[in-house]
Amino acid sequence: MADAITPRSEDYAQWYIDIIKQAKLADYSPVRGSMIIRPTGYALWENIRDTLDGMLKETGHQNAYFPLFIPQSFLAKEAEHVEGFAKECAVVTHSRLKIEEETGELIPDPDSQLEENLIVRPTSETIIWDTYSKWIRSWRDLPILMNQWANVVRWEMRTRLFLRTMEFLWQEGHTAHATEKEAQDETMKILDIYASLAEDYMAMPVIKGAKTASERFAGAVDTLCIEALMQDGKALQAGTSHFLGQNFAKAFNCTFQNKENQLEHVWATSWGVSTRLIGGLIMTHSDDQGLVLPPRIAPTQVVIVPILRKTGGEPVLEAVERIEKMLKDAGIRVHVDAREGYRPGWKFAEYEVQGVPIRLALGARDVEHGVIEMARRDTFEKETVPQEGLTALIQDTLEAIQKNLFDRAVAFRDDLTTSVDSYDEFKSVLEEKGGFILAHWDGTDETETRIKQETKATIRCIPLDQEYEDGVDMLTGKPSTGRVYFAKSY
RNA sequence: CGGGGUAUGGCGCAGUCCGGUAGCGCAUCUGCUUUGGGAGCAGAGGGUCGUAGGUUCGAAUCCUGCUACCCCGACCA
């Protein structure tokens, strides 16, 4: 047995770290709060990225790239935005280093102090709206549907691999529209795309909803989000889509002439998902044996392990090669591990830790009988099946795994979603069961803040499919017309 | 930014109380035997003990300062 994974029941946080290390997704870096994304982890990100990128292009968005450095003065232009981000900005003040003669120490060269400080982007609204104000003159210039894949930096006090790191990878979409309605529709359209990415590809069920004022993006009029529930009963904000109104257009003086020949401020949206999704993926499906990956997003969907004896391995390797080609031709991502020096049992354990959905094992006996052993990562089921018709069976099984993971996660989420009507009940459910709690809320900041202070639970979202229901706020007794989702969150 | 903990081969740790020149497991390398669920035996390589200073004939060990990282809380994708 190699290094063990701490069981979830013992220490969930340690389990999460163990999974990432054992599955070789990421490493800590020499810089606090920064992480090294290893090839396996990055391959996962590439699949998420490529899937989403396809969906965005499908809906008319184009990619561009804006710079990492933003003039410090830009950040100050939108009042709420600066308040939200100023506390976590990395600031560039000098352009070169020099060796101090007396001490031999390497220091920023005082002579190279910048005229104006640069900040490392925590998000790009400011530089993008500065640019849009130059690009947009007429209603004919609209809409602009732009996205960028980039890294951003937020100087976090407390970090966790994938979930919160000082530097992370994401995409940020920034769109400009002629009308409020069009911008609002865009915000919603993106939310649906995010939900589809999460549910249909990552098999991670999400609640679509709107953030309350206190949880809103700094500078947004409205923030929509998708919220997922992790195995420890805590919620994870997995993506956000913001309707920015005309806030940034006003701050950056971005106007256009409408069809009535009047000057009007542009309507805006912005939206993003990040490498945090990988953290969500891990905490949605994985178990005490290691990572569990949904087939549609798994870098390797099928691994084939030949079982070789010292001599007479040729027929086995030939069969493996034939099956590999067959599966590859069908578009399945397959990997053959024919390495010598590692025993089959070792390899089985290795791919289990890495979450490969299906493992095939083929030995001399199987070749003789025209069969092959197939093992599922999600259920640990193992069966010997005919090589004849294998491709179709694999395809079906991959789909079955995908569906099983999603169904399992939905069932878990539903089990851990509780409706409560009193504050006492709220507190006891939160304490003993965790998960999402549906409760009435009077719509005020004060109540939300008090609940947060007293219980550490926040309103994750006001669900978009909220049903009208007369009720009273569990704390204040004031009237409410529908339930909102509360939870402790990451 | 507060509280706690840790720092010794690549990883995980022991050694520190009571100073005498560094050890164990895993991993790595070589050879042989193995190979259908993390192999066995034999041998080998690899460490300025986080850092700076002090005490001492002698410091991983005692003293002082510093730094980094991890965990737990307040703030955030």
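**View 1. Charged ends over aromatic rings in the predicted model.** In this predicted model, the charged end of Arg-339 is placed over the ring of Tyr-342, at 4.4 Å from the ring centre. A second arrangement of this kind involves Arg-359, whose charged end sits over the ring of Phe-348 at 4.0 Å from its centre.

**View 2. The stacked pair of Phe-243 and Trp-267.** The model holds 13 aromatic pairs. In one of them, the ring centres of Phe-243 and Trp-267 are 6.2 Å apart and the planes meet at 5 degrees, so the pair is classed as stacked, the angle being under 30 degrees. Because Phe-243 belongs to strand β13 (residues 235-245) and Trp-267 to strand β16 (residues 267-274), the contact ties together parts that are 24 residues apart in sequence. Phe-243 counts as buried because its relative accessibility is 4%, under the limit of 20%, and Trp-267 is likewise buried, with a relative accessible area of 13%.

**View 3. The edge-to-face pair of Phe-436 and Tyr-485.** Here the ring centres of Phe-436 and Tyr-485 lie 5.1 Å apart, and the planes stand at 75 degrees, so the pair is edge-to-face, the angle being over 60 degrees. The pair links distant parts of the chain, with Phe-436 in strand β23 (residues 436-440) and Tyr-485 in strand β27 (residues 483-487), 49 residues apart. Both rings belong to buried residues, Phe-436 having a relative accessibility of 1% and Tyr-485 a relative accessible area of 11%.

**View 4. Strand β13 and its pairing partners.** Of the 11 residues of β13, 10 are buried, so the strand is largely enclosed by the rest of the structure. Strand β12 (residues 222-229) runs antiparallel to β13 and is joined to it by 8 bridges, and within this pairing Asp-222 has Phe-243 as its bridge partner in β13. The hairpin formed by β12 and β13 has 5 residues between the strands, and Gly-233 in that hairpin takes a positive phi near 85 degrees. Strand β13 also pairs with β16 in the antiparallel sense, over 5 bridges, and Ser-241 stands opposite Trp-271 of β16. Phe-243 thus appears in two roles, as the bridge partner of Asp-222 and as a member of the stacked pair with Trp-267.

**View 5. An aromatic cluster of four residues.** Phe-66, Trp-129, Tyr-132 and Trp-135 together form one aromatic cluster.

Key
Residues numbered from 1 in each chain as written. Chains lettered and ligands numbered in written order. Predicted model: local features only at pLDDT ≥ 70, side-chain atom pairs only at ≥ 80, totals over all residues. Heavy atoms only, no water. Phe/Tyr/Trp six-rings, centres within 6.5 Å; stacked < 30°, edge-to-face > 60°. Helix = DSSP H or I, 4+ residues; strand = E, 2+ residues; numbered from the N terminus. Buried < 20%, exposed > 50% of the residue type's maximum accessible area, 1.4 Å probe, protein only. Lys NZ or Arg CZ within 6 Å of the ring centre and 35° of its normal. Pairing = 2+ DSSP bridges.
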